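Me: I am new to this structure and would like to go through its aromatic rings and its nonpolar parts. Please show it before we start.

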Amino acid sequence: MKKRMLVVFPVLLLFPTLVLAAGEYVYDISLISEKAELILEPINLLIAILAAVFAVKLAALSQGGELEKTWNMIAIVAVIFAILEAYGTLKGLMLVHVGGLGDILELIFGLILLYTVYKTRKTLLQKMLGK
């Protein structure tokens, strides 16, 4: 029953999002100016690239360890995040636009992250229960 709810609940949350996405914005709020966004975009890109580099190095250090697969998957997610940020920066600077690429990368990012967290939880629970 719990497993079924893990699928049903997110789907129920998705439907209102799809309905609202079809129309105009209900609320249009700007948190920062466009100039500030142009400053933040390269900073976010730099942070994403550094996170990817460190995640790959950390995964390399954990080879052969108990959570080797977890660190490898986190490194993959970090690299995908860096690619997503690079694409977002290029798109924001009006240099490149590939329709749907950001959504596909976000989907891959989310799926791998979900899989990694699920498998790591399962591994740690087995370890704690002594199985």
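Me: Is phenylalanine 109 buried, partly exposed or exposed?
Reply: This is a predicted model, where local features need pLDDT of at least 70, side-chain atom pairs count only at pLDDT 80 or more, and totals for chains, interfaces and linings use all residues. Residues are numbered from 1 along each chain as its sequence is written, and side-chain values use heavy atoms, with hydrogens and water left out. Buried means under 20% relative accessible area and exposed over 50%, with partly exposed in between (1.4 Å probe, protein chains only). Phenylalanine 109 has 23% relative accessibility, so this residue counts as partly exposed.

Me: What kind of aromatic pair do phenylalanine 81 and phenylalanine 109 form?
Reply: Rings of Phe, Tyr and Trp (its six-membered ring) pair if their centres lie within 6.5 Å; planes under 30 degrees apart count as stacked, over 60 as edge-to-face and the rest as tilted. Here the distance is 6.0 Å centre to centre, with 45 degrees between the planes, and the pair is tilted.

Me: Which helices does the pair link?
Reply: Helices are DSSP runs (H or I, at least four residues), numbered from the N terminus. The two phenylalanines are 28 residues apart. Phenylalanine 81 lies in helix H3 and phenylalanine 109 in helix H4.

Me: Which helix gives the largest share of the largest nonpolar core?
Reply: A nonpolar core is a set of buried Ala, Val, Leu, Ile, Met, Phe, Trp, Tyr and Cys residues joined through side-chain atoms within 4.5 Å. The largest one has seven residues, including Ala48 and Ala82. Helices H2 (34–61) and H3 (68–92) each give two or more of them. The largest share, four residues, comes from H2.
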